[in-house]
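Look at the chain below with its charged side chains switched on. The walk-through starts with a pair of them and then widens to the whole fold.

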Amino acid sequence: MSTEEENSVEAAAAARRERLRALREAQELLQTPDDDNNNNTNQDEDENDVQMKFRNYLPHDKQLQEGKVAPPVLPKFEDPMATLPPPEEKKEDPFLNIVPKKPNWDLRRDVQKKLDKLEKRTMKALTQLMEEEEKKRKMAEEDAENGGD
């Protein structure tokens, strides 16, 4: 068994070495600069083929004026809201909107939390009173039944 394990470990190590070697070669290829001659000829060809387009600028040079692009033609847009007559607005006194609807609105706003707590307590108290009344009524009915027997 040890020989099989050694063989598998050696095979894994050899495969790893091959992967590392391939990785180093790939990195070297990426780091080495290409031939300068090929780049210069490509750049010269690109400079000759470049056509400039001017959308918002009219150059003074006649050769460059050929590159002027005609402005785009925008389609006509009819606003459906423009054709409708404006809705009639009621004339209101602007000072009516300044005055609050109710004179105590600020007091209610400030006290609203306390009122909410009181409302909860009131509801609890009412339910307790109703339960007590129900108990008294049941007790009275039981006494009437026991007394009647």
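Arg 137 and Glu 134 form a salt bridge, with their closest N and O atoms 2.9 Å apart. Why can these two side chains meet? They sit three residues apart in helix H5, so about one helical turn separates them. Neither end of the pair is buried: Arg 137 is partly exposed, with a relative accessible area of 46%, and Glu 134 is partly exposed too, at 34%. This is a predicted model, and helix H5 is where its confidence is highest, at a mean of 92.

Now go to helix H1, which covers residues 2–31. Here Arg 21 bridges to Glu 18, and the closest N and O atoms are 2.5 Å apart. The spacing is again three residues, so Arg 21 and Glu 18 are separated by about one helical turn. Arg 21 is partly exposed at 41% relative accessible area. Glu 18 is partly exposed as well, at 47%.

Asp 110 and Arg 109 make another salt bridge, at 3.3 Å from N to O. These two are neighbours in number, and both are exposed. How many salt bridges does the model hold by this rule? The count comes to three.

Charges also gather on the surface without pairing. Return to helix H5, which spans residues 105–148. A positive patch is formed by Lys 113, Lys 114, Lys 117, Lys 120, Arg 121 and Lys 124. Take Lys 117 as its example. Lys 117 lies in helix H5. Is Lys 117 buried or exposed? Its relative accessible area is 57%, so Lys 117 counts as exposed, the cut-off being over 50%.

Negative charge collects elsewhere. Glu 4, Glu 5, Glu 6 and Glu 10 make up a negative surface patch. Of these, Glu 6 belongs to helix H1. Glu 6 is partly exposed, with a relative accessible area of 48%. That helix also carries the bridge between Arg 21 and Glu 18.

The surface has a nonpolar patch as well. Val 111, Leu 115 and Leu 118 build it, and it covers about 230 Å². Leu 115 is placed in helix H5, the helix that also holds Lys 117. Leu 115 is partly exposed, at 35% relative accessible area. A patch residue needs over 30%, so Leu 115 passes that cut-off.

Step back to the whole chain. What is the secondary structure made of? There are five helices and zero strands. Along the sequence the pattern reads α-α-α-α-α. Buried residues make up 2% of the 149 residues. The chain exposes about 15,900 Å², and carbon and sulfur atoms supply 54% of that area.

How far should each part be read? The chain averages a pLDDT of 81, and 83% of the residues score at least 70. Confidence is not even along the chain. Helix H2, residues 36–49, is where it is lowest, at a mean of 55. Helix H5 stands at the other end of the scale, with its mean of 92. Helix H5 is also the setting for the bridge between Arg 137 and Glu 134, for Lys 117 of the positive patch and for Leu 115 of the nonpolar one.

How values were computed: Residues numbered from 1 in each chain as written. Predicted model: local features only at pLDDT ≥ 70, side-chain atom pairs only at ≥ 80, totals over all residues. Heavy atoms only, no water. Patch = residues over 30% accessible without salt bridge, like charges linked within 9 Å, V, L, I, M, F, W, Y side chains within 5 Å. Areas by Shrake-Rupley, 256 points an atom, 1.4 Å probe, with all protein chains shown as cover. Salt bridge = Lys/Arg side-chain N within 4 Å of Asp/Glu carboxyl O. Lys, Arg positive; Asp, Glu negative; His and termini not counted. Charge placed at Lys NZ, Arg CZ, Asp CG, Glu CD. Helix = DSSP H or I, 4+ residues; strand = E, 2+ residues; numbered from the N terminus. Buried < 20%, exposed > 50% of the residue type's maximum accessible area, 1.4 Å probe, protein only. pLDDT = per-residue confidence, 0-100.
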